[in-house]
Amino acid sequence: MTVDGRLGGRLIALGVTGSIAAYKATELIRLLAAEGADVVVMLTPSATRFVAPLALEALSGHAVESDVLALLPDGRIGHIVIADTCDAVVVAPATASWLGAMANGLAGDVVTATCLASSAPVVVAPAMDGEMYAHPATTANVARLRDTFGYRIVEPEEGPLASGQLGVGRLAALPTIVAAVVAAIGDRPVRTADPAVRPARVAAPRPADLAGRHVVVTAGGTREPIDPVRFIGNRSTGRMGVAVAEAALARGAEVTLIAAGVSVDLPAGAAIVAAETTAQLRAALLSALGGADGRAGFDALVMAAAVADFTPIAPADTKLARGAGLRLDLAPTPDLVAEVVRIAAGLDSAGASRRPLSPRPIIVGFAAETGSLDRAAGKLQRKGLDLLVANDVAEPGSGFGSETNRVTVFDRDGDREAWPLLPKRDVADRILDRVVRALDERDTMGQTEPIEQESQR
Ligand code: C5P
């Protein structure tokens with residue numbers, strides 16, 4: 001999706017009905033997408049006999065809606081989600097039968113149902129036999145759509161028809177239909193840019209580009225005990241880390257998920273190591289890192305867990321009474337990811353030199369900030385990370401527990417890339433795209449030299 005075209009950031013609902021011209025839907029999707037639109041396709045039952053939903057799904061990146069009674073996997077009603085979020089509905093080709101149903105408000109298919117339920121502008125491009133188009137019934141239906149409903153009609157053209165006859169009934173040229181959609185939307189604001197509210201995107205099939213790689217992911221938030229029943233914790237649910245683990249599994253990686261207080265379902269297929277406290281997370285990480293034989297135990301570490309920065313110095317063995325209140329003495333925790341980087345680069349935990357681990361693991365950190373992300377580049381340098389994924393957790397739709405995230409990614413070359421608001425799974429796949437690239441570079445360069453180390457704290 002580009003943001004530059006005349007439909008940048010727009011969601012266009014393309015309704016296809018059962019005409020021979022339905023095959024042109026694939027090209028229409030391409031033209032709309034080239035203008036920057038996100039396209040979701042709806043088919044009437046007869047249209048499914050002309051075009052295969054699978055092809056349209058692959059092209060549009062959305063599940064095709066064809067059953068007016070079907071619910072989405074998350075329980076929402078598909079055509080209502082489309083009706084409420086699309087910037088325009090375009091029905092192309094529109095058959096005589098569909099025009100008749102629409103003119104009478106007969107919402108028996110997803111395309112009519114969406115038009116009835118939507119306040120978005122509607123563009124209709126009829127296509128049929130010339131006599132059918134000229135019939136007074138069709139003329140009256142088209143007039144009703146245009147004059148009473150305010151729909152924009154893109155008149156069919158004259159030319160050879162499927163019947164072998166010449167006449168007016170050929171679907172208008174596709175660029176004319178696209179231009180009508182652009183004009184119908186005009187300067188209306190985008191109805192919703194939030195991918196979590198729009199119809200869900202289907203995950204694009206990914207190559208198994210992490211096959212043979214061991215990826216370790218930490219997820220969730222650590223809990224530091226105050227007494228046997230209370231702890232200092234944080235708001236992390238583990239959703240982002242679990243999304244990374246799932247995406248890595250789907251791309252063929254062997255995945256170890258170190259789970260600290262994760263409150264979402266854990267992915268099947270990953271080796272799960274439970275860690276509650278920062279000390280347990282540290283032990284799990286060092287054990288996964290290996291290195292006794294000089295070999296790194298993993299190819300990449302994605303450190304998505306929110307690690308406590310302070311821990312009570314002397315947790316109580318028995319439950320503390322409310323009494324007169326409580327003062328807690330807290331000690332800073334070690335920076336775990338920085339320690340992993342140091343060890344990988346050839347320093348042991350006490351700072352003594354030894355052989356760098358080989359091959360050099362790629363290490364990705366996260367930084368949850370509130371407000372400016374300006375500290376993030378310094379954090380990447382200080383910790384010696386390959387990649388730092390920073391987000392403003394105070395922003396709506398981004399951060400703890402949400403399905404989406406808007407992140408800015410910093411890398412070792414000093415480059416900074418701001419990604420749009422995306423489902424966490426898409427963020428995960430984009431992070432892994434960068435990891436795959438870094439691993440490939442590492443392998444081609446045979447790179448094992450020590451990487452920049454955090455200044456000792
Ligand atoms: O410095 P800050 O807490 O913002 O850094 C966040 C990154 O560092 C995350 O990847 C987090 O998992 C990691 N971290 C850590 N050990 C700590 C604190 C944070 O590994 N004690």
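Trainee: Which residue lies over the face of Trp419?

Mentor: A charge is said to sit over a ring if NZ of Lys or CZ of Arg is within 6 Å of the ring centre and within 35 degrees of the ring normal. Here Arg430 lies over the face of Trp419, at 5.5 Å from the ring centre. Keep in mind that this is a predicted model, in which local features need pLDDT of at least 70 and side-chain atom pairs count only at pLDDT 80 or more, while totals for chains, interfaces and linings use all residues. Residues are numbered from 1 along each chain as its sequence is written, and side-chain values use heavy atoms, with hydrogens and water left out.

Trainee: Which residues come nearest to the ligand?

Mentor: A residue is near a molecule if one of its heavy atoms lies within 4 Å of it. There are 14 residues around the ligand, and Met303, Ala305, Val337, Phe366 and Lys379 come nearest.

Trainee: Where do oxygen atoms of the ligand meet polar atoms of Ala305, Phe366 and Lys379?

Mentor: A polar contact is a pair of N or O atoms within 3.5 Å; within protein, one must be able to donate a hydrogen and the other to accept it, and residues adjacent in sequence count only if both atoms are side-chain atoms. For Ala305, a polar backbone atom is 2.7 Å from an oxygen atom of the ligand, and for Phe366 a polar backbone atom is 2.9 Å from a ligand oxygen. With Lys379, the N or O atom belongs to the side chain, and it is 2.4 Å from an oxygen atom of the ligand.
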